[in-house]
Amino acid sequence: MRSDPAWQKTSVLSAAALKILLDLEEGQRAPERWYLALLGFAEHFRTSSPPKIRLCVHCLQAVFQFKPPQRIEARTHLQLGSVLYHHTKNSELARNHLEQAWFISQQVPQFEDVKFEAASILSELYCQQNMVDSAKPLLRKAIQISQQTPYWHCRLLFQLAQLHTLEKDLVSACDLLGVGAEYARVVGSEYTRYSRGFLLLLMERKLGEVHPLLSLCGTIVENWQGNPIQKESLRVFFLVLQVTHYLDAGQVKSVKPCLKQLQQCIQTISTLHDDEILPSNPADLFHWLPKEHMCVLVYLVTVMHSMQAGYLEKAQKYTDKALMQLEKLKMLDCSPILSTFQVILLEHIIMCRLVTGHKATALQEISQVCQLCQQSPRLFTNHAAQLHTLLGLYCISVNCMDNAEAQFTTALRLTTHQELWTYIVTNLASVYIREGNRHQELYSLLERINPDHNFPVSSHCLRAAAFYIRGLLSFFQGRYNEAKRFLRETLKMSNAEDLNRLTACSLVLLGHIFYVLGNHRESNNMVVPAMQLASKIPDMSVQLWSSALLKDLNKALGNNMDAHEAAQMHQNFSQQLLQDHIAACSLPEHNLISWTDGPPPVQIQAQNGPTTSLASLL
């Protein structure tokens, strides 16, 4: 986790003026007037709207023409490296300046702010370029020499712990968090100690022990006495951990009270000013996330919840708000975490688009994710499996089953995340069921996601989906009683946690089974609520399926008016799907379905037209 660099929070000119006063107090010669002038111009250009980064860089580079003393030279290298890193794609030049800042600052006594900020930003850049082996020793050395500087010691420990977490080395991450918690206790920073303690406890314990642990953490937060901003920041931190835990477990209904608390908490913290009460302990200056980033994060977890619950219009609303906020933040702060937030938001809204029947828009947003990943090797490494999974879902929506299989197989090869692996396998099983001739591969997959025995993850939502897949297979095989058993289990689980889309899918499939069996009344009792729920989500595929069944059901029941109305609805849904299908398959981005190896393609060739028929689509 990172907070804003100090020089970005305060204007460069103000920071320079403060530094001059400090230097004068220490009996050192004040910087020349040219330095103040160049810094003032640089800050003016950096904060212009839009920012004039090229001119800002020119002003900072001009400092070196005067052969400045080491303190000014190191600070200017840091500022240049930071500007280039956060606002340009010239990562090589940024790295060169940051390495110079780190090297020179180590030779200057009592120059901790420049020294450790250079180490922090440089290690971020190394990670972004997949140079993790360079980042680790850099952070270790910075941690070793920062023990007399509480703020930076805490921040650098957290940064190295985060790096180990990204590599799935949770043992090393926990060790570092433990060191940080103990250090915070020694220097008397309860705030920072709790920040690390929460993560440490959650990472060390097994999932079954998380609920009592979360209750304990909640009690600690409520009882802690500190300044208002720190307390609310700590509460947001705790609630984000709590909400994401519930969402990982697929417990969409259970998470609602925590999510509501989180949303109220972020409203409270938005009204507080950072400079109202400044902590007296330097270690307390460490923030797990800047306030502006917290707001985006709360939007993000709200989108994740809405997607899982099937409130897709709400997901769209909060995605729009979050992306707008991100655009504003990225004008002055191109922190890597903002790009990560953007990619996760796009991943969720893409899934929403595919459900609501907006495949062309989804495909363009998949291409947008590709472009973001092209800019950062680290981002691509962390999201490649998700990207191929999204392409697999798109392929299913346009009935390109061979491509869907290739995309899901690629995603399985790239992921080590157990929940994502289970999600991919579940969707790949649906592809094999629809193809109808892949029995050996299908049964091999189903053995690995058996919801009745040794299910690989604890996710309530994924287990309910596994029951649905079993029901779907039994339906296609004509084993209707077995299908009903599986689907009723899905309904029981999805109703318990408000998994609306799974509920709608299960109801319409049960309705189809009863229709095939000739039990039209019972079929109608299933299909009507399925249609109502699908309209509320809205889920275009379930609406199409339900309207087709309602048309045939009402004919069989002699309800000619209702049958005509259902036929008209079915026609409308078919036309919408056809138009969207043609639009998506005509886009040059449609050729992404053939990409299964290496980084995303830079250029995408135009597509001649749709490759699947309307009959196969419907």
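This passage describes the fold, nonpolar cores, cysteines and aromatic contacts of a predicted model.

The protein contains 29 helices and zero strands. Of its 618 residues, 56% are buried. Among contacts between residues at least 6 apart in sequence, 65% join residues at least 24 apart. The exposed area of the protein is about 27200 Å², of which carbon and sulfur atoms supply 53%.

The largest nonpolar core comprises 134 residues. Within this core, the members that touch the most others are V243, L262, F341, I366, Y394 and F408. Helix α17 (residues 336–356) contributes the largest share of the core, with 13 residues. Another core, of 51 residues, lies apart from it and includes C59, L122, W152 and F158. For F408, a member of the largest core, contacts beyond the neighbours within four places in sequence were also computed. These contacts are with T389, G392, L393, I396, I424, N427, L428 and V431.

Zero disulfides are present in the structure. For C56, the closest cysteine sulfur belongs to C59 and lies 6.9 Å away, which is too far for a bond because a disulfide requires the two sulfur atoms to be within 2.5 Å. C56 has a relative accessibility of 1% and therefore counts as buried. C59, the cysteine with the closest sulfur to that of C56, is among the members of the 51-residue core.

Seven aromatic pairs occur in the structure. In the pair formed by Y299 and Y318, the ring centres are 6.0 Å apart and the planes meet at 45°, so the arrangement is tilted. This pair links distant parts of the chain, with Y299 in helix α15 (residues 291–309) and Y318 in helix α16 (residues 312–332), 19 residues apart. The two tyrosines fall into separate accessibility classes: Y299 is partly exposed at 23% relative accessibility, whereas Y318 is buried at 17%. The boundary that separates them is 20% relative accessible area, under which a residue counts as buried.

The rings of F475 and F476 form an edge-to-face pair, because their planes stand at 65° with the centres 5.5 Å apart. F475 counts as buried, at 13% relative accessibility. Together with Y480, F475 and F476 make up one aromatic cluster. A charge-over-ring arrangement is found for R485, which lies over the face of F486 at 4.4 Å from the ring centre.

Note on methods:
Residues are numbered from 1 along each chain as its sequence is written. This is a predicted model: local features need pLDDT of at least 70, side-chain atom pairs count only at pLDDT 80 or more; totals for chains, interfaces and linings use all residues. Side-chain values use heavy atoms; hydrogens and water are left out. A nonpolar core is a set of buried Ala, Val, Leu, Ile, Met, Phe, Trp, Tyr and Cys residues joined through side-chain atoms within 4.5 Å. Buried means under 20% relative accessible area, exposed over 50%, partly exposed in between (1.4 Å probe, protein chains only). Helices (H or I, at least four residues) and strands (E, at least two) are DSSP runs, numbered from the N terminus. Contact means heavy atoms within 4.5 Å. Accessible areas come from the Shrake-Rupley method with a 1.4 Å probe; for residues, only the protein chains shown count as cover. Rings of Phe, Tyr and Trp (its six-membered ring) pair if their centres lie within 6.5 Å; planes under 30 degrees apart count as stacked, over 60 as edge-to-face and the rest as tilted. A charge sits over a ring if NZ of Lys or CZ of Arg is within 6 Å of the ring centre and within 35 degrees of the ring normal.
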